[in-house]
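Visitor: I'd like a close look at one part of this model, the sheets and the helices that pack around them. Could you walk me through it slowly?

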Amino acid sequence: MTFSDLGLSPKVLSAVTDAGYTQPTPIQAGAIPHALLGKDILGIAQTGTGKTASFVLPMLTRLEKGRARARMPRTLILEPTRELAAQVEENFIRYGKNHKLNIALLIGGVSFDEQDKKLERGADVLIATPGRLLDHRERGKLLLNGVEILVIDEADRMLDMGFIPDIERICEMIPFTRQTLFFSATMPPEITKLTEKFLHAPVRVEVSKAASAATNIIQRLVKSGSKPWDKRETLRNLMKAEDAELKNAIIFCNRKVEVSELFRSLLKYDFDAGALHGDMDQRARMQMLANFRDGKLRYLVASDVAARGLDIPDVSHVFNYDVPIHAEDYVHRIGRTGRAGRSGKSFTIATKSDTKYIDAIERLIGNKIEWHDGDLSTVVASEGGEDDAPRRGKGAPRRAGRKDDDRKDRGERKPRERHARHSEDAAPATVREDQPVVAEVEVADIGERRARKDAIRSENTERKSSDRNEQRAPERGDTRPQRDSNRPARHRQEDNDTTVGFGDDMPAFMRIVAKV
Ligand code: AMP
């Protein structure tokens with residue numbers, strides 16, 4: 001099958017040829033002809049399968065008739081993150097180079113004014129994250145009753161990020177007669193319910209099993225002691241061992257606190273690294289991503305929320321600094337390498353406390369993952385015998401010894417790292433992005449309290465700069481921690497710190513920082 005068999009317009013076909021594509025991918029071949037006929041689509045596909053073009057190309061063809069009116073966009077594409085939204089915009093620019101379309105991108109972290117102007121001019125294509133879209137609507141700058149085509153992309157990610165109530169609201173604002181193109185990598189029950197409610201007789205196009213990991217990726221587990229300095233040393237050794245084959249790598253952490261710490265540590269050891277997490281402002285994130293894409297950075301330390309779905313071609317390696325708590329995240333992470341049929345390598349650093357997560361991943365992918373250099377039974381506990389020791393509480397013995405050959409890491413160990421250590425040992429509770437970090441603090445000695453207080457202050461200052469559009473509770477206008485009763489607890493985890501103690505129910509007095 002070729003692109004010209006799909007029914008796309010000559011203008012679109014010419015842009016596709018210029019992009020160098022000769023054959024449609026399976027999701028494109030399956031979805032495009034139906035989308036051109038105006039049917040609803042349920043596309044079950046991950047990024048990397050060509051799914052963006054599977055909705056952009058038929059939309060461009062259909063948009064050739066008609067024109068936009070002020071504040072009444074003709075089409076709407078919802079994306080869970082700003083980066084994904086920006087990527088979709090790039091796709092529209094690339095494939096729509098023969099069209100004269102107005103494209104508006106509504107994402108957080110940038111001013112409303114420019115976005116207002118674009119809406120006022122009339123947008124043929126509106127690409128938005130849910131929070132910013134609703135903000136515009138509430139300000140009276142946007143009418144959704146002219147939307148003819150609605151795309152909901154990465155729906156399972158929307159679910160993880162707590163956006164489903166927003167998505168439902170938005171769907172209800174758009175005329176019933178619209179066409180809906182709905183994409184998700186996985187189909188958890190909440191997503192199935194949503195499709196039953198908002199899609200009309202959809203054509204289902206499934207290109208690969210949601211849980212399948214590409215076979216062209218070499219996957220290995222790497223044993224490690226569980227302390228941060230053990231894990232960092234394991235990672236550095238791996239990076240050095242892989243150096244000859246390693247073009248570039250994404251290093252995934254479970255929490256943004258670890259992203260920051262690992263990033264700083266790698267810089268100290270002269271690795272050419274950048275960091276990507278949800279608290280960075282939009283410009284810094286885009287710049288970091290561009291540097292990594294352009295080969296100016298060799299390593300990108302990232303959290304799941306920041307990195308999921310990003311199209312970064314040709315990543316040779318993925319390192320999981322932490323075993324992901326949700327097995328599906330493993331598939332998404334390692335899917336960053338081995339794209340478009342290329343080969344790739346992934347290494348997952350595993351500690352004794354990760355066993356149950358590894359079991360879940362192996363169940364999901366239906367395979368055992370090989371150990372790189374012996375399994376966990378051969379791990380020697382850190383000096384001091386603290387590996388896998390229970391979480392230290394008040395009065396418990398302080399950490400005894402550390403590795404002598406890791407002096408740099410000793411120097412950099414700061415109060416926040418202690419928090420990470422506590423939370424690392426704790427059960428993987430879930431927490432919202434806007435959960436104050438103070439929830440992790442245990443009362444210890446005075447010196448420690450003072451240091452923690454500083455850490456909390458700096459964390460909260462960072463937090464303020466984070467935009468609520470992304471990774472935030474759906475209840476906009478309220479910056480307090482939110483409970484999301486619509487979602488099961490496992491979905492409340494974002495790329496955030498694990499919580500302990502009171503979790504979501506933390507009483508107000510716990511947020512008051514003690515004077516010392
Ligand atoms: P996506 O799944 O939309 O993130 O696309 C993944 C990558 O595949 C992007 O870099 C696209 O440019 C590329 N791509 C999309 N369609 C095709 C195609 N038909 N042939 C080759 N590459 C494609």
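Guide: Sure, let's start with helix α3, which lies across β2 (75–78), β4 (125–128), β5 (149–152) and β6 (179–184) and runs at about 165° to β6. Keep in mind that this is a predicted model.

The strands under α3 belong to an open sheet of seven, in the order β3-β4-β2-β5-β6-β1-β7, and the pairing is parallel. At the edges stand β3 (103–106) and β7 (203–206); each has a single partner strand, so one side of each is left without a neighbour in the sheet. Direction ignored, neighbouring strands here are turned by 15° against each other on average. If you want to zoom in on the β7 edge, look at β1 (residues 41–44): four bridges join β1 to β7, and the two run parallel. One residue pair to pick out there is I41 with its bridge partner V203 in β7.

Back to α3, this time for its helix neighbour. Two packed helices are described by the angle between their axes and the distance between the axes. For α3 (residues 51–63) and α4 (residues 82–95), the angle is about 50° and the axes are 10 Å apart. An angle of that kind falls between the parallel and perpendicular ranges, and α3 and α4 are therefore oblique to each other. The crossing of α3 past α4 is right-handed. On the α3 side, T52, A53, F55, V56, L57, M59 and L60 make the contact, and they meet V88, N91, F92 and Y95 in α4. Sorted by class, that contact has nine nonpolar residues, two polar and no charged ones.

Now move along the chain to another open sheet. Seven strands form it, ordered β10-β11-β9-β12-β13-β8-β14, again with parallel pairing. Its edge strands are β10 (273–276) and β14 (370–371), each pairing on one side only. Inside this sheet, β9 (residues 249–253) and β11 (residues 299–303) pair in the parallel sense over five bridges. I250, for instance, has L300 in β11 as its bridge partner. Helix α10 (residues 228–241) packs on this sheet, touching β8 (217–223), β9, β11, β12 (317–320) and β13 (344–350), and its direction makes about 160° with that of β13.

As with α3, α10 has a helix partner worth a look. The axes of α10 and α11 (residues 256–268) come within 11 Å and cross at roughly 55°. That makes α10 oblique to α11, and the crossing is right-handed. Contact comes from R232, L235, R236 and M239 of α10 and from L262, S265 and L266 of α11. By class, these residues divide into four nonpolar, one polar and two charged.

One more helix pair and we're done. Helices α14 (residues 327–334) and α15 (residues 355–365) pack at an angle of about 70°, with their axes 8 Å apart. α14 and α15 are therefore roughly perpendicular to each other. Their crossing is right-handed. A327, E328, Y330 and V331 of α14 make the contact with A360, I361, L364 and I365 of α15. Seven residues of that contact are nonpolar, none is polar and one is charged.

Notes:
Residues are numbered from 1 along each chain as its sequence is written. This is a predicted model: local features need pLDDT of at least 70, side-chain atom pairs count only at pLDDT 80 or more; totals for chains, interfaces and linings use all residues. Side-chain values use heavy atoms; hydrogens and water are left out. Two strands pair if DSSP finds at least two bridges between them. Contact means heavy atoms within 4.5 Å. Axes are lines fitted to C-alpha atoms, for helices over the stretch in contact, and angles run from 0 to 180 degrees between N-to-C directions. Angles under 35 degrees count as roughly parallel, over 145 as roughly antiparallel, 65 to 115 as roughly perpendicular and the rest as oblique. A crossing is left-handed if the near helix is turned anticlockwise from the far one by less than a right angle, and right-handed if clockwise. Ala, Val, Leu, Ile, Met, Phe, Trp, Tyr, Cys and Pro count as nonpolar, Asp, Glu, Lys and Arg as charged, and the others, Gly among them, as polar.
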